[in-house]
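Take a moment with the model below. We will start at the surface, follow some strands, and finish inside.

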Amino acid sequence: MKKLLLLSALLIFTCSSDDDNNIAGCTDSGAVNYNPSASQSDGNCQYSVTGNWGCTSFIIDGINVLAFYYFDLLIYEDGAYIFNTEDIDGLQASDSGVANYDPNTNSLILISDDGSVENWNVTYLDGLSLNMNINMDGIVGPATSEWIKY
């Protein structure tokens, strides 16, 4: 009888499912909603735009303007930003203001200290890479850009 009880107990414990131990959540430690208890990704990691971003591609009307310019965007934790640019002749310019990122609408709004507003559409963000589109009505046609975090 003891052998039968022992055998039954072994079968119950060895046949239990590991599914009970699976916790779905964000498994990427670089995400703002990282769940260290998660054992399987739920595909819903969210990332911050905070940091220093260097532009690797900026396409306007089929032309990569980075052949003529360099762009750098620094976004601080408090939402302040500094946008730096330099052309091939070494002429530098910068802009500063407030950055508002809404992950629900995938929009990054840059409100310059001079009152001008740029509405960027975030198409990809993984914590290390950032892709955005902008339509600069009246200035140039739609632009696509790719950025990497330093």
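Look at the surface of this predicted model. Ile 63, Phe 68, Tyr 69 and Ile 88 make a nonpolar patch there, of about 420 Å². Ile 63 belongs to strand 4, which covers residues 63-64.

Now move along the chain to strand 8 (residues 107-112) and strand 9 (residues 117-125). These two strands pair in the antiparallel sense, over 5 bridges. Pick out one pairing: Leu 108 stands opposite Trp 120 of strand 9. Strand 8 and strand 9 form a hairpin, with 4 residues between them. Find Gly 115 in the turn; its phi is positive, about 95°.

Go on to strand 10 (residues 129-135). Strand 9 pairs with strand 10 in the antiparallel sense, again over 5 bridges. Here Leu 125 has Leu 130, in strand 10, as its bridge partner. Strand 9 and strand 10 also make a hairpin, with 3 residues between the strands. In this hairpin Gly 127 takes a positive phi near 95°.

Next, turn to the inside. The largest nonpolar core has 27 residues. Which of them touch the most other members? They are Phe 58, Phe 71, Leu 108 and Trp 147. Strands 3 (51-60), 5 (69-75), 6 (80-87), 8, 9, 10 and 11 (142-149) each give two or more residues to this core. Strand 3 gives the most, with 4 residues.

Stay with Leu 108. Set aside its neighbours within four places in sequence, and its contacts include Val 49, Ile 75, Tyr 101, Val 122 and Met 132. Trp 120, the residue opposite Leu 108 in strand 9, is also in contact with Leu 108.

Notes
Residues are numbered from 1 along each chain as its sequence is written. This is a predicted model: local features need pLDDT of at least 70, side-chain atom pairs count only at pLDDT 80 or more; totals for chains, interfaces and linings use all residues. Side-chain values use heavy atoms; hydrogens and water are left out. Patches are made of residues with over 30% relative accessible area and no salt bridge: like charges are joined within 9 Å, nonpolar side chains (Val, Leu, Ile, Met, Phe, Trp, Tyr) within 5 Å. Accessible areas come from the Shrake-Rupley method with a 1.4 Å probe; for residues, only the protein chains shown count as cover. A salt bridge is a side-chain nitrogen of Lys or Arg within 4 Å of a carboxyl oxygen of Asp or Glu. Two strands pair if DSSP finds at least two bridges between them. A nonpolar core is a set of buried Ala, Val, Leu, Ile, Met, Phe, Trp, Tyr and Cys residues joined through side-chain atoms within 4.5 Å. Buried means under 20% relative accessible area, exposed over 50%, partly exposed in between (1.4 Å probe, protein chains only). Contact means heavy atoms within 4.5 Å.
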